[in-house]
Amino acid sequence: MNRAEILRYLRTSSKTDDERLLGLIDSCCDEVNKCVHPKTLHRIFDCEVDEYSVKIGTFVFSSKRLAENLKGCSRVCVFGATLGTECDRLLRTYSSTDITKTAVLQACLASKIEEVCDSLEDKLKSEGLTLRQRYSPGYFDLDISENKKVFELIDLTKRIGLAITDTCQMVPTKSVTAFIGIEND
């Protein structure tokens with residue numbers, strides 16, 4: 001995993017020479033790599049983009065910023081990714097006994113899910129697609145409740161075991177949904 005990114009999540013200088021912290025990061029990364037079972041699911045859809053929304057099939061996602069991100073795209077990749085339930089168990093194990101390790105684990109897991117998302121993007125690029133920056137529900141004006149539509153659109157619960165609560169939080173917690181615009185070639 002990317003140590004500099006983990007240090008950024010911890011709000012610590014990437015130039016730190018704190019051997020104790022760096023050792024804890026390495027130990028947590030090893031533990032994370034042993035327990036995670038990443039799963040991803042993606043589908044590519046035709047889309048219609050106007051000034052304030054994106055339409056995919058019968059679903060309309062209201063967001064001026066998402067529409068700006070996808071402007072000029074006629075296709076979009078919608079995806080979900082998760083590290084699996086073991087990550088939540090790992091965090092619960094240490095949360096009541098070692099707050100420092102819990103914080104480092106959180107940073108390692110955040111870095112790992114980003115790595116999984118980046119790998120999916122790399123796979124799509126290797127297929128010759130030109131991609132826009134990914135955009136997730138919960139950012140800016142794309143309300144987190146829009147995740148309900150994403151779950152329905154690509155059936156994340158059935159296909160990769162990702163669930164959504166009544167408050168639109170994802171379970172397992174180290175999970176991501178996003179839109180990636182595909183530029184017209």
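## Buried or not

Here, a residue is buried if its relative accessible area is under 20%, exposed if over 50%, and partly exposed in between, using a 1.4 Å probe and protein chains only. This is a predicted model: local features need pLDDT of at least 70, side-chain atom pairs count only at pLDDT 80 or more, and totals for chains, interfaces and linings use all residues. Residues are numbered from 1 along each chain as its sequence is written, and side-chain values use heavy atoms, with hydrogens and water left out.

Now look at β4 (strands are DSSP runs of E, at least two residues; helices are runs of H or I, at least four; both are numbered from the N terminus). F59 and F61 point to one face and are buried, while V60 and S62 point to the other face and are not. In a regular strand, side chains alternate between the two faces of the sheet.

## The little sheet

Three strands make an open sheet in the order β2-β3-β4, with antiparallel pairing (two strands pair if DSSP finds at least two bridges between them). The edges are β2 (48-49) and β4 (59-62), each pairing on one side only.

Between β3 (residues 53-56) and β4 there are four bridges. In these, K55 partners V60 and V54 partners F61. The two strands form a hairpin with two residues between them, and G57 in the turn has a positive phi of about 60°.

## A long helix

Helix α5 covers residues 99-126, which is 28 residues. From first C-alpha to last, α5 reaches 40 Å, close to the 40 Å expected at 1.5 Å a residue (that is, 1.5 Å times one less than the number of residues). After α5 comes G128, with a positive phi near 90°.
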